[in-house]
Amino acid sequence: MIKSILPLSLIIALRFFGLFIVLPVLSVYAINLYGATTTLVGIVIGGYALTQMLFQVPFGVMSDKLGRKGTIITGLLLFAIGSIFCAIANDILMLMVGRFLQGAGAIGAVVTAMISDLVKEEQRPKAMATMGMFIGMSFAASMLLGPTISSFAGVPTLFYLTAVIALGSIVILVKMVPNPPKITHTYEKKAIVTDVLLNQNLIKMNITNFLQKGLMTFAFMIIPMVLINNYEWQMSDLWKVYLPAMIFGFLAMAPAAILAEKKGKFKEILAIGIVFFAVSYLLIGLSSGTLFFIIGVVIFFVGFNMHEPIMQSLATKFAKVHQRGLVLGIFNSFGYLGTFLGGVLGGIFFEDVGLETIVYTIAIICVLWIILILTMPNPAKKKVMYIEINNDYRNNTHKLDTISDIDEWYINDTENVLIVKYDNEKIDEDTILNQIK
């Protein structure tokens, strides 16, 4: 698993690093470009999330039909081209076009789907946690390196760096990542968007991703503003709050993944994380000193990182094998919509309403959110059977369709293995084997 997951995790982390590294300095740089207004600067900062949202589903569908690797390469090339546009931009509109192109390379769902293809189902939470930790480390590194590099080399250098990173990621993909297995599944019909959109459990997961990412964006907007404006911190001091928050957040990831996957407590972990969101925002918005404010930030990161290792894995558990790219495309689209609106709407309300009113509203939303999550069932614990098959077995696999206690089956043609997901409380392995002998 490690040989497959580490290169893919590195690719997605490098891509996020390229997006994150300009965030600490982008607004100051963009406002000085020709034609800039604060509204256009806001679009430049959040614009990548908008095109990420729009292209998640097309990229997910394309990866299901045309293959994961080619789709990822296409996305990385778009990201590199967008980065070059940003680097050479001499006015705000060209910078905006570059940011839109950066976001158009929407490969997040495709990488996640490829990880799901390459690892066994019971290993997915660990794989997703690994990817989440790489992304978290890329964010921490970008917050430190972005201001440092730009201070002596200029912001355009950051964009050139992201272009090089994108092209380097293509090399990593081609040289180090194995091709996903060729899958033969039992579904004659194509994955249909409406089936996914109307799935009650996936609706709840999409709402969860939307709210989680929206609260994250708003948190990153207000944390430096409050510390600098209210508590007179300097920009160079912000690491003092981000570093402990990152550390405690990382420590929360493994226990959350273990409790969710091994104990089947997915919705309980999500609910606890949401409680942490509510408490953290109340502390951030109502504290009168830096100590409780920092505690609130740490609690937010703990809740956020409890969600991260299980969110994508849980979404895939509600999807059939032929739907994974589409399901994750829609799921990530909701997340990027939350990212975009969290910054835009958060900025509007922060200025017009005030932080205290906002955090009370967020707390109420969190209560309703918890109720929604608790109405979602934990995925039924299924056992997965891996059977090396010969031609006789292959010819009899259609008989598995008659067994109602089999959730799904499909064939990994690359490794010549039949994968059967079944309810082990109602049927045993011998019964399944006897059906295909």
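Biologist: How much accessible surface does the protein chain have, and what share belongs to carbon and sulfur atoms?
Modeller: The chain exposes about 19,200 Å² of accessible surface. Carbon and sulfur atoms hold 65% of that area. Keep in mind that this is a predicted model.

Biologist: OK. How many helices and strands are there in the chain?
Modeller: The protein chain has 17 helices and four strands.

Biologist: What percentage of the residues count as buried?
Modeller: The figure is 53%, for a chain of 437 residues.

Biologist: And the contacts? What share comes from residues 24 or more positions apart?
Modeller: Such pairs make up 81% of the contacts with a separation of 6 or more.

Biologist: Let's go to helix 13. Where does it run, and what span should it have?
Modeller: Helix 13 covers residues 290–317, which is 28 residues. At 1.5 Å a residue, the expected span is 40 Å. The C-alpha atoms at its ends lie 41 Å apart, so the two values agree.

Biologist: Where does helix 13 bend?
Modeller: At Ile 310, by about 40 degrees.

Biologist: Is helix 13 mostly covered or mostly open, and how many of its residues are buried?
Modeller: Mostly covered. In helix 13, 22 of the 28 residues are buried.

Biologist: Pick Gln 312. Buried or exposed?
Modeller: Gln 312 sits in helix 13. Its relative accessible area is 14%. The cut-off for buried is under 20%, so Gln 312 counts as buried.

Biologist: How far is Gln 312 from Met 205 in space?
Modeller: C-alpha to C-alpha, 9.1 Å. In sequence, Gln 312 and Met 205 are 107 residues apart.

Biologist: New topic: Lys 267. Which helix is it in?
Modeller: Lys 267 belongs to helix 12, residues 266–286.

Biologist: What is the nearest side chain of opposite charge to Lys 267?
Modeller: Glu 268, at 5.2 Å. A salt bridge needs the charged atoms within 4 Å. Lys 267 has no salt bridge, yet it is buried.

Biologist: So what does Lys 267 touch, leaving out residues up to four places away in sequence?
Modeller: Its contacts are Ile 373, Leu 374, Met 376 and Asn 378.

Biologist: Now helix 16. Which residues does it span?
Modeller: Helix 16 takes in residues 391–396. Asn 395 is in it, and Arg 394 is there too.

Biologist: How exposed is Asn 395?
Modeller: Asn 395 has a relative accessible area of 53%. Exposed means over 50%, so Asn 395 counts as exposed.

Biologist: And what is the relative accessible area of Arg 394?
Modeller: For Arg 394 it is 27%, which means partly exposed.

Biologist: How far are these two from Ile 436?
Modeller: The C-alpha atoms of Arg 394 and Ile 436 are 7.7 Å apart, with their positions 42 residues apart in sequence. For Asn 395 and Ile 436, the C-alpha separation is 7.9 Å, at 41 residues apart along the chain.

Biologist: Which residues is Arg 394 in contact with, leaving aside neighbours within four places?
Modeller: Ile 389, Ile 411, Asp 413 and Asn 416.

Biologist: Switching to loops. Where does Glu 232 lie?
Modeller: Glu 232 is in the loop that links helix 10 (200–229) and helix 11 (239–263). Its phi is near 60 degrees, a positive value in a residue other than glycine. With a relative accessible area of 68%, Glu 232 is exposed.

Biologist: Last one, Gly 108. Buried or exposed?
Modeller: Buried, at 11% relative accessibility. Gly 108 is placed in helix 6, residues 108–118.

Biologist: What does Gly 108 touch, not counting residues up to four places away?
Modeller: Gly 108 touches Ile 12, Gln 56 and Asn 332. Its C-alpha atom is also 9.9 Å from that of Ile 11, 97 residues apart along the chain.

Notes:
Residues are numbered from 1 along each chain as its sequence is written. This is a predicted model: local features need pLDDT of at least 70, side-chain atom pairs count only at pLDDT 80 or more; totals for chains, interfaces and linings use all residues. Side-chain values use heavy atoms; hydrogens and water are left out. Helices (H or I, at least four residues) and strands (E, at least two) are DSSP runs, numbered from the N terminus. Buried means under 20% relative accessible area, exposed over 50%, partly exposed in between (1.4 Å probe, protein chains only). Contact means heavy atoms within 4.5 Å. Accessible areas come from the Shrake-Rupley method with a 1.4 Å probe; for residues, only the protein chains shown count as cover. The expected span of a helix is 1.5 Å times one less than its number of residues. The bend at a residue is the angle between axes fitted to the seven residues ending there and the seven starting there. Lys and Arg count as positive and Asp and Glu as negative; His and the chain ends are not counted.
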